Amino acid sequence: MVDIDKYFKPDLSKARKRTKEDTEYVSYELDPKYQKIGIGKTYKIQTYGCQGNEADSETMAGILNSMGYISTDNEKEADVILINTCAIRENAENRIWGELGRLKPLKRKNPDLLLGLCGCMAQEEKVVNRILEKYDQVDLVFGTHNIHMLPNYIMQAHFSKERVIEVFSEEGSIVENLPKVREHKFKAWVNIMYGCDEFCTYCIVPYTRGKERSRNKDEIIAEVKELVQEGYQEITLLGQNVNAYGKDFKDIDYTFGNLLMDLDKLGIPRIRFTTSHPRDIDMRTIEAFKICKSVMPHLHLPVQSGSNSVLKKMNRHYTKERYLEVIKALKEARPDISLTTDLIVAFPSETEEDFLQTLELVKQVGFEGAYTFIFSKRAGTPAASFEDVIPETEKKERLRRLNKVVNDGYLESSTKYVGKIIKVLVDGVSKHDENILAGYSEHNKLVNFKGDKSLIGKIVDVKVTIARTWFLIGEALE
Ligand code: SAH
Ligand code: SF4
Ligand code: F3S
């Protein structure tokens, strides 16, 4: 029997706590004793979940490179495999369990392979217990609050025969100066804050990511200046609730709108951000859409439901009417703004009437796209204990009906760009044809057009000729 209690495991009830203490800021430095551990060895990182996880994986890659490791796509030859997980819905977790099963034979062939699990699932006690009991192929588990300690964990895991499990339930300091290997050469993630204090009743994120902490504005500005110098064309500011940026600053009145205005002066062509919360979005931010040239005319503003009684049970702190007022102010500030959203169907006790209100709201706002989900029970969150009586078939039927309305909105919005000249930042070649380039417009529409690979990373004028539901087709003007 494994003694599963001897490890440093997470605890969701501790993770719920919020302290009044000020955030500490520390600077990362790699201890020279770790610098050579990875020489001659390779690693592979598999990333699931949101952009927050993608940004964390870039940091882990940076740390591993600084230890001498080299990245590889070939899992059969990797010496270290890290799985950066997401806990947002049950099916996200099921994928990971399947993946761990699939990787098990690799471990048999190469007993020296170090298999690690990190990210949001690692913050759940039940996940760590299951790994300890049933997944002996996993050598290392660490959470979202201790990525900067990766060198230490790798060293322990390489040199000891024991599994290394260390997950902190509560957030610690904000660690600056972490190395990064950015995935793209012209688009970058920039974290501006960590954690979430909203506690929507269905959501696990406030438990897996800790309390809201804002990065110092000067650190963010310095990072963006560097990106501009390196020729980056687009930044996406990241946080679970970017509109809460700066609310934890005690000595200055500096919020997300101020940050956008300061970053706009630095000469980066495109600024995007995700995710916004309707309750916290303020006039300064709305104003930024009007006056900042680099702030792109697209906003992802999750509404979740169109029913006030469901919104209340979700603890969203706004009504449908308030949401519509925000939309109105946004459209006044930037008439062409493109709006997308997240929606959950079949939240416990959602009635047909509640659901119809969601459909109505989607039509009323005219969303240009939406991510739609069936409510998923997350152990440890309040909604997990709400009575859930909606039959499975009904849940699926609501999702199907919602998707139909959402897709009509996608196509309708795509159609309005036909005949227009739009600016596209070219990402790369299309998956299906290498003579076709693919990129995103200012309004965040996927656009395909014929062109030379040398345009990758550039912003190109494209005339839209055809609208499809999920993308536009056009011709380059140059
Ligand atoms: N902080 C962001 C992202 C949260 S996760 C935000 O507030 O928008 C992305 C989306 O996943 C959420 O907007 C919500 O629509 C969905 N989601 C979160 N928890 C869920 C759950 N338990 N079941 C179904 N969908 C969920
Ligand atoms: Fe989850 Fe709500 Fe926070 Fe978004 S705002 S991360 S949905 S608790
Ligand atoms: Fe998933 Fe964690 Fe992001 S639960 S959505 S990876 S914050």
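Mentor: Ala, Val, Leu, Ile, Met, Phe, Trp, Tyr, Cys and Pro count as nonpolar, Asp, Glu, Lys and Arg as charged, and the others, Gly among them, as polar. Keep in mind that this is a predicted model.

Trainee: How do the residues of the shell around ligand 2 divide by class?

Mentor: Start with the residues that surround ligand 2. They are Cys196, Glu198, Phe199, Cys200, Tyr202, Cys203, Val205, Pro206, Gln240, His277 and Arg316. Glu and Arg count as charged. The shell around ligand 2 thus divides into 2 charged, 2 polar and 7 nonpolar residues.

Trainee: Which residues come nearest to ligand 1?

Mentor: There are 14 residues around ligand 1. By class, 7 are nonpolar, 4 polar and 3 charged. Those that come nearest are Tyr202, Gln240, Gln304, Asp342 and Ser376.

Trainee: Which atom of ligand 1 lies 2.8 Å from a backbone N or O atom of Gln240?

Mentor: A polar contact needs N or O atoms within 3.5 Å. Gln240 offers a backbone N or O atom here. Its partner in ligand 1, 2.8 Å away, is a nitrogen atom.

Trainee: How far does a polar side-chain atom of Asp342 lie from an oxygen atom of ligand 1?

Mentor: Take Gln304 beforehand. A polar side-chain atom of Gln304 lies 2.7 Å from an oxygen atom of ligand 1. For Asp342, a polar side-chain atom also faces an oxygen atom of the ligand, at 2.6 Å.

Trainee: How much of the accessible area of ligand 1 does the protein cover?

Mentor: On its own, ligand 1 has 540 Å² of accessible area. The part covered by the protein is 89%.

Trainee: Which elements give two or more residues to the shell around ligand 1?

Mentor: Look at residues 338-345 and 369-374. These elements are strand 15 and strand 16.

Trainee: Are helix 11 and helix 12 roughly parallel or roughly antiparallel?

Mentor: Helix 11 spans residues 320-333, and helix 12 spans residues 352-365. Their axes are 11 Å apart, at an angle of about 10 degrees. Angles under 35 degrees count as roughly parallel. Therefore the two helices are roughly parallel.

Trainee: Which residues of helix 12 make the contact with helix 11?

Mentor: Helix 11 brings Lys320, Tyr323, Leu324, Ile327 and Lys331. The contact residues divide into 5 nonpolar, 2 polar and 2 charged. On the helix 12 side they are Gln357, Leu361, Gln364 and Val365.

Trainee: Which residue does a cis peptide bond join to Thr274?

Mentor: Omega is about 5 degrees at this bond. The partner lies in the loop between strand 13 and helix 9. It is Thr275.

Methods. Residues are numbered from 1 along each chain as its sequence is written. Chains are lettered from A and ligands numbered from 1 in the order in which they are written. This is a predicted model: local features need pLDDT of at least 70, side-chain atom pairs count only at pLDDT 80 or more; totals for chains, interfaces and linings use all residues. Side-chain values use heavy atoms; hydrogens and water are left out. A residue is near a molecule or strand if one of its heavy atoms lies within 4 Å of it. A polar contact is a pair of N or O atoms within 3.5 Å; within protein, one must be able to donate a hydrogen and the other to accept it, and residues adjacent in sequence count only if both atoms are side-chain atoms. Accessible areas come from the Shrake-Rupley method with a 1.4 Å probe; for residues, only the protein chains shown count as cover. Helices (H or I, at least four residues) and strands (E, at least two) are DSSP runs, numbered from the N terminus. Axes are lines fitted to C-alpha atoms, for helices over the stretch in contact, and angles run from 0 to 180 degrees between N-to-C directions. Angles under 35 degrees count as roughly parallel, over 145 as roughly antiparallel, 65 to 115 as roughly perpendicular and the rest as oblique. Contact means heavy atoms within 4.5 Å.
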